[in-house]
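Please look over the sequence and the model below before reading on. The paragraphs that follow go from a turn between strands to the helices, the core and the ligand.

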Amino acid sequence: MRAPSAGATGVIIETERLRMRAHRDDDLADLVALAGNWEIARWTGTIPHPYSKTDGREWIARAQQDHATGHPRTFAITMKKTDRLIGGVGLDGSTGDGSDEPALGYWLGQPYWGNGYAREAAAAVIDYGFRTLGLKTIRAYADPGNTESQKVLLHCGLKHVGEIELLTPTHHGAWRAPLFRISRHELRRCV
Ligand SMILES: CC(C)(COP(=O)(O)OP(=O)(O)OC[C@H]1O[C@@H](n2cnc3c(N)ncnc32)[C@H](O)[C@@H]1OP(=O)(O)O)[C@@H](O)C(=O)NCCC(=O)NCCS
């Protein structure tokens, strides 16, 4: 992974195959098409469904404001070769129970599943969170039925540390969810 670089358009984190960067206005069509899939929304607490162009524009504006702070937590996942958006990753995820601990969140457009992109993106953002933002711990929770996401978390070095009571149920009706966490001293390469 190359060290994150900060420029006028925000912080960029590059890995072997991916570029994590600020959302751009011209990501709108890809964002709406990919995030609008119920197979994505049903596993997340934060992606509206149906997903409108207005939702997409609001998300892009929020992400751009986040990058303007100089220490952003919200990134588009793009293919390095094409710079096209394939998903999203951030340290601005929902904590589930209202905790103020930084929370990892991610999604990948369905056509891109099964290539290791989520673990590659998540690992890079965890590394950025500890080394650049100076975070001490990062948490994530997942719907109890979301085995694919739990595999990503475990692969990136997070440990299953217990369960949390959710403030709102998952789309599948669960009020409790497994909690995962990694501390700065546990940081290791996962890809
Ligand atoms: C969670 C989600 C991002 C996982 O996507 P994914 O494609 O399964 O995860 P990865 O990108 O890490 O890919 C891992 C898979 O790619 C395979 N793979 C193929 N080529 C690979 C490569 N070069 N490197 C690593 N893994 C590779 C792995 O073996 C693994 O497959 P397996 O699960 O059958 O063992 C995706 O299912 C999703 O977006 N879901 C909806 C949103 C969501 O759940 N978000 C998380 C909320 S907590």
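Asp83 is partly exposed, because 13 other C-beta atoms lie within 10 Å, and a residue needs 20 or more to be buried. The model is a predicted one. Asp83 lies in the loop between β4 and β5, and its phi is positive, at about 65 degrees, although the residue is not a glycine. That loop is the turn of a hairpin formed by β4 and β5, with five residues between the two strands.

The strands on either side of this turn can be followed next. Strand β4 (residues 74-79) runs antiparallel to β5, and five bridges join the two. Thr74, for example, has Gly90 in β5 as its bridge partner. β5 also pairs with β6, again in the antiparallel sense, over four bridges. Here Gly87 stands opposite Leu108 in β6. How many of the six residues of strand β5 are buried? Six of the six residues in this strand (residues 85-90) are buried, so β5 is largely enclosed by the rest of the structure.

β5 also takes part in covering a helix. In α1 (residues 28-35), the residues Leu31, Leu34 and Ala35 are buried. They lie on the same side of α1, because the arc they cover around the axis is only 85 degrees. This fits the geometry of an α-helix: with 3.6 residues a turn, residues three or four places apart point the same way. The cover over the buried residues of α1 includes α2 (38-41), α3 (53-68) and β5. In the loop between α2 and α3 lies Pro50. The peptide bond that leads from His49 to Pro50 is cis, with omega near 0 degrees.

A similar description can be given for α5. Ser149, Val152 and Leu153 are the buried residues of α5. Their directions from the axis span an arc of only 95 degrees, so they sit on the same side of α5. The elements that the buried residues of α5 pack against are α4, β7 (137-141) and β9 (176-183). Just after α5, Gly157 has a positive phi of about 95 degrees.

The nonpolar interior comes next. In soluble globular proteins, nonpolar side chains tend to be buried together. The largest nonpolar core of this model has 46 residues, and the members that touch the most others are Met20, Ile77, Leu104, Ala121, Ala122 and Val125. α4 contributes the most to this core, with nine residues. What is Ala122 in contact with, once its neighbours within four places in sequence are left aside? The contacts of Ala122 are then Val89, Leu104, Tyr106, Val152 and Cys156. Of these, Val152 is one of the buried residues of α5.

α4 and α5 appear once more around the ligand. The shell there has 19 residues, of which Trp43, Trp113, Gly116, Ala118 and Arg119 come nearest. β6 (105-108), α4 (117-131) and α5 (147-155) are the elements that each give two or more residues to the shell. Which element supplies the largest share of the shell? α5 does, with four residues. By kind, the shell is made up of ten nonpolar, six polar and three charged residues. Thus α5 gives residues to the ligand shell, while its buried residues pack against α4, β7 and β9.

Technical notes
Residues are numbered from 1 along each chain as its sequence is written. This is a predicted model: local features need pLDDT of at least 70, side-chain atom pairs count only at pLDDT 80 or more; totals for chains, interfaces and linings use all residues. A residue is near a molecule or strand if its C-beta atom, placed from the backbone, lies within 6 Å of it. Ala, Val, Leu, Ile, Met, Phe, Trp, Tyr, Cys and Pro count as nonpolar, Asp, Glu, Lys and Arg as charged, and the others, Gly among them, as polar. A nonpolar core is a set of buried Ala, Val, Leu, Ile, Met, Phe, Trp, Tyr and Cys residues joined through C-beta atoms within 7 Å. A residue is buried if 20 or more other C-beta atoms lie within 10 Å of its own, exposed if 12 or fewer, and partly exposed in between; C-beta atoms are placed from the backbone. Two residues are in contact if their C-beta atoms, placed from the backbone, lie within 7 Å. Two strands pair if DSSP finds at least two bridges between them. The arc is that of the directions from the helix axis to the C-beta atoms.
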